[in-house]
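Dear colleague,

I am passing on the structure we spoke about, with the sequence alongside it. Please have it open while you read the notes underneath.

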Amino acid sequence: MTDSKQETTGLWLRWIVASAIGGFVFAIAARRWSVAAGGSVWDSMGPVVAEIVIGALALGGIMAGIAVGQWLVVRRRVPWAGWLAAGMVGGGVAGGGAAFGVLQGMGGEGGGVPAVAAAVVAGLAAFVGVQWVLLRGRVPEVGRFVWMSAAAVVAAVAATGLSGVALGEYSGGGVGGAVFGAVYAAVTGFVVIPSASGRSE
C-alpha cells in the first residue's frame, strides 16, 4: 500500500471511530433531553409539537456528537470543517423534527405504512434542504455531499435497526448512537476524506 493510500485509509478510520464515539456519547444525552423536553410541552402544546421537539433533539443531538468527532479529525485539513459540522447539526434538527412531527400528525405508528413513508420523505427532505442551504458555496461538491449524506442517514437508520434486532436490549442509547455514527461516517467519507487527504495537519 502506498503512503498516500495508507494516509487516506488511516484518516478514514479515524473519521469513522471519532464519529462512533461522538454518536455514542451524545446519543445518551440526547435521548434524555429529548424525552424530557417533549414531555414538558406535551400537555401545553400538544402531541405533534412534543414529537417535533423530541425528534429535533434526538437526531440533532446524535448528529452534533458525530459532527464534533468529525470536526476534530479534519479541522486542520479542510477550511470548511466548521460549516460541515453546522450543516450536519442543522440537518439533524430539521430532519428529526419533521419526521417525528409528520408521523405523529398522521396518527403515529397507528397510521401504518403511509404515515411512516410520509415521515421518512419529510424528514429526508428537511435534512437535505437545510444542509444544502447551509453548505452551498461553502463546501466543495456540496450537491454530492448532501445526497451522500441523505443516503448515509438511511443506511445508518437501517444499521441501527439491525443492531437492535441482533443485540436486543443492549442496542439502545449509546450503542445505537455509535452504530449510527460509524455508518454515517463510512458513507459520507466517500466525499469528505478524498478532499482532506494529502493536506497537512
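What follows is an account of what was found, taken up by topic.

Please keep in mind throughout that this is a predicted model, and that the values below are computed from it.

**The largest pocket**

The largest pocket holds about 1,100 Å³ of space, and its lining is made up of 37 residues. If you want to find the middle of it on your screen, look for Ala58, Leu59, Phe100, Val157 and Phe180, which are the lining residues that lie nearest its centre. Two or more lining residues come from each of α1 (3–45), α2 (47–74), α3 (81–105), α4, α5 (142–167) and α6 (174–196). Which of the elements gives the most to this lining? That is α5, with 7 residues. Sorted by class, the residues around the largest pocket are 19 nonpolar, 16 polar and 2 charged.

**The cavity between α2 and α3 residues**

The search of the whole structure also turned up 1 cavity of 30 Å³ or more, and the space inside the largest cavity comes to about 30 Å³. Its lining consists of Ala67, Gln70, Trp71, Val74, Ala81, Leu84, Ala85 and Met88, with α2 and α3 each supplying at least two of these residues. By class, 7 of the lining residues are nonpolar and 1 is polar, while no charged residues take part.

**Helices α3 and α4**

Helix α3 has 25 residues, which at 1.5 Å a residue should span 36 Å, and the distance of 36 Å between its end C-alpha atoms agrees with that. Its buried residues include a number of glycines, among them Gly87, Gly91, Gly92, Gly95, Gly96, Gly97 and Gly101. Ala81, Leu84, Ala85 and Met88 are also among the buried residues of α3, and these four appear again in the lining of the largest cavity. After α3 comes Gly107, with a positive phi near 100 degrees.

Helix α4, which runs over residues 112–135, has 24 residues and reaches 35 Å from its first C-alpha to its last, close to the 34 Å expected for it. The residues of α4 that are buried are Ala115, Ala119, Gly123, Ala126, Phe127, Val128, Gln131 and Leu135. Just after this helix, Gly137 likewise has a positive phi, in this case of about 80 degrees.

**Salt bridges**

How many salt bridges does the model contain? The count comes to 2. One of them joins Arg77 to Glu7, with the closest N and O atoms 3.2 Å apart. Arg77 lies in the loop between α2 and α3, whereas Glu7 belongs to helix α1, so this pair ties together parts that are 70 residues apart in sequence. The two partners sit in unlike surroundings, for Arg77 is buried, with a relative accessible area of 6%, while Glu7 is partly exposed at 31%.

The other salt bridge is formed by the side chains of Arg144 and Glu141, at 3.4 Å from N to O. Here Arg144 is partly exposed, with a relative accessible area of 40%, and Glu141 is partly exposed at 44%.

Glu141 deserves a second look for its backbone as well. Most residues other than glycine have a negative phi. Glu141, which lies in the loop between α4 and α5, has a positive phi of about 50 degrees although it is not a glycine.

**Two residues in α6**

Thr188 lies in helix α6 and counts as buried, with a relative accessibility of 0%. Where does its side chain reach? The side chain of Thr188 comes to the backbone oxygen of Ala185, at 3.5 Å.

Gly176 is also found in helix α6, and it too is buried, with a relative accessible area of 9%. Gly176 and Phe24 are 152 residues apart in sequence, yet their C-alpha atoms are 7.2 Å apart in space.

With best wishes

How values were computed: Residues are numbered from 1 along each chain as its sequence is written. Side-chain values use heavy atoms; hydrogens and water are left out. Helices (H or I, at least four residues) and strands (E, at least two) are DSSP runs, numbered from the N terminus. The expected span of a helix is 1.5 Å times one less than its number of residues. Buried means under 20% relative accessible area, exposed over 50%, partly exposed in between (1.4 Å probe, protein chains only). On a 1 Å grid over the protein atoms alone, a cavity is a set of points where a 1.4 Å probe fits but cannot get out, and a pocket is an open set with protein on both sides within 12 Å along at least five of seven lines; lining residues have an atom within 4 Å of a point. Grid points are joined across faces, edges and corners, and a volume is the space filled by probe spheres set on the points. Ala, Val, Leu, Ile, Met, Phe, Trp, Tyr, Cys and Pro count as nonpolar, Asp, Glu, Lys and Arg as charged, and the others, Gly among them, as polar. A salt bridge is a side-chain nitrogen of Lys or Arg within 4 Å of a carboxyl oxygen of Asp or Glu. A polar contact is a pair of N or O atoms within 3.5 Å; within protein, one must be able to donate a hydrogen and the other to accept it, and residues adjacent in sequence count only if both atoms are side-chain atoms.
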